[in-house]
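Open the model in your viewer and keep the selection panel at hand. We will go from one stop to the next, with a selection to make at each.

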Amino acid sequence: MTSLILSAATRLILPLMMLFSVFLLLRGHNDPGGGFVGGLVAAAAFALYAIAYGVDRAREAIRIGTIPLIGIGLLLAFLSGMVPLFGNRPFLTAVWTNLSLPIIGRVNTVLVFDTGVYLVVVGVTLTVIFAMAEADIEEDEED
Amino acid sequence: MTLTDLALYIILPILSVALILAVSRLIRGPKMPDRVVALDLMVTLGMGLIAVYAIATDQAVFLDVATVLALISFLGTTAFAYYLQRRPEA
């Protein structure tokens, strides 16, 4: 199904949703938000893209695929937990450096862990949504 | 009358009544499209309620909830429309 109104609206709303998901991710440490909600909003953006342009094009839009996203996210979260071990502190202790970057503030392992959560949530949600959408399409073709 | 009073005693009751009317349409709605439109209206009213509540409590954080709701409700309505288009008999 392709609708001109829907695809035009999607082109406007999709960047807004992605921007908002990153905004939720970055400020999650001090205010409501964080990797989980941000990931859900990003997954909703891709689900909207899949409705407007079809599941195949949405899969192409995520270049590396949905399953690798889960792996990369888990790896990021695990590595951020490994960092404090080098300073003889327990696994997953938050490590803060004094190096300050614009927008994200002080460099720390909390944000890396949250980014990992973000990627895992996007990957899992989209894997489920795409699988369901494709099963639905196949069912239709059988009818 | 302050802005908080206005929000609490006038705007919130009006929105609540509108929400009740929308729910009644959701339950009665003879056809599926009526229910989808009622659901969309309920989300829009919810956004209004959150915005008014943000004014009443002076908490700007609630406005972000309204933003997320606005972005997600568009997706929800679109998904329902997609579903209805493929199963028009419902």
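What follows is a tour of a predicted model, from a whole chain down to single side chains and across to the partner chain.

**Stop 1: chain A as a whole**

Select chain A and show it as a cartoon. You should find five helices and two strands, and walking from the N terminus you meet them in the order α-α-α-α-β-β-α. The C-alpha trace spans about 60 × 30 × 25 Å along its principal axes. Of the 143 residues in chain A, 37% are buried. If you draw the contacts between residues at least 6 apart in sequence, 64% of them join residues at least 24 apart.

**Stop 2: A:Asn108**

Now select A:Asn108, which sits in strand S2 (residues 105–108) of chain A. Is this residue buried or exposed? A:Asn108 counts as buried because its relative accessibility is 11%, and the cut-off for buried is under 20%.

Show the side chain as sticks and look for its polar partners. A polar atom of the A:Asn108 side chain lies 2.8 Å from the backbone oxygen of A:Arg106. The side chain of A:Asn108 also reaches the backbone nitrogen of A:Leu111, again at 2.8 Å. Next, add A:Val95 and A:Trp96 to the selection: A:Asn108 is in contact with both, once its neighbours within four places in sequence are left aside.

**Stop 3: a salt bridge inside chain A**

Select A:Glu134 and A:Arg59. They form a salt bridge in which the closest N and O atoms are 3.1 Å apart. This pair links distant parts of the chain, 75 residues apart: A:Glu134 belongs to helix H5 (residues 109–142) and A:Arg59 to helix H3 (residues 55–61), both in chain A. How accessible is A:Glu134? With a relative accessible area of 23%, A:Glu134 is partly exposed. A:Arg59 is partly exposed too, at 33%.

**Stop 4: helix H3 of chain B**

Move to chain B and select residues 62–86, which make up helix H3. The helix has 25 residues and reaches 36 Å from its first C-alpha to its last, close to the 36 Å expected at 1.5 Å a residue. Colour its buried residues, among them B:Asp64, B:Val68, B:Leu71, B:Leu75 and B:Leu84. What covers them? The cover includes helix H1 (4–27) and helix H2 (35–53) of chain A, along with helix H2 (32–57) of chain B.

**Stop 5: where the chains meet**

Select the residues of each chain that touch the other: 14 residues of chain B are in contact with 19 residues of chain A. Between them the two chains bury about 1500 Å², with 75% of it on carbon and sulfur atoms. Highlight B:Leu71, B:Phe74 and B:Leu75, which supply 35% of the area that chain B buries against chain A, more than any other three residues.

**Stop 6: the salt bridge across the interface**

For the last selection, take B:Asp64 and A:Arg27. Their side chains meet in a salt bridge at 2.7 Å, N to O. The pair crosses between chains, from helix H3 of chain B to helix H1 of chain A. Both B:Asp64 and A:Arg27 are buried. One salt bridge is found across this interface, and the side of chain B that touches chain A has eight nonpolar, three polar and three charged residues. Over all chains, the structure holds two salt bridges.

Technical notes: Residues numbered from 1 in each chain as written. Chains lettered and ligands numbered in written order. Predicted model: local features only at pLDDT ≥ 70, side-chain atom pairs only at ≥ 80, totals over all residues. Heavy atoms only, no water. Helix = DSSP H or I, 4+ residues; strand = E, 2+ residues; numbered from the N terminus. Buried < 20%, exposed > 50% of the residue type's maximum accessible area, 1.4 Å probe, protein only. Polar contact = N/O pair within 3.5 Å; in protein donor to acceptor, adjacent residues only side chain to side chain. Contact = heavy atoms within 4.5 Å. Expected span 1.5 Å × (residues − 1). Buried area = accessible area lost by both parts, 1.4 Å probe. Salt bridge = Lys/Arg side-chain N within 4 Å of Asp/Glu carboxyl O. Nonpolar A, V, L, I, M, F, W, Y, C, P; charged D, E, K, R; others polar.
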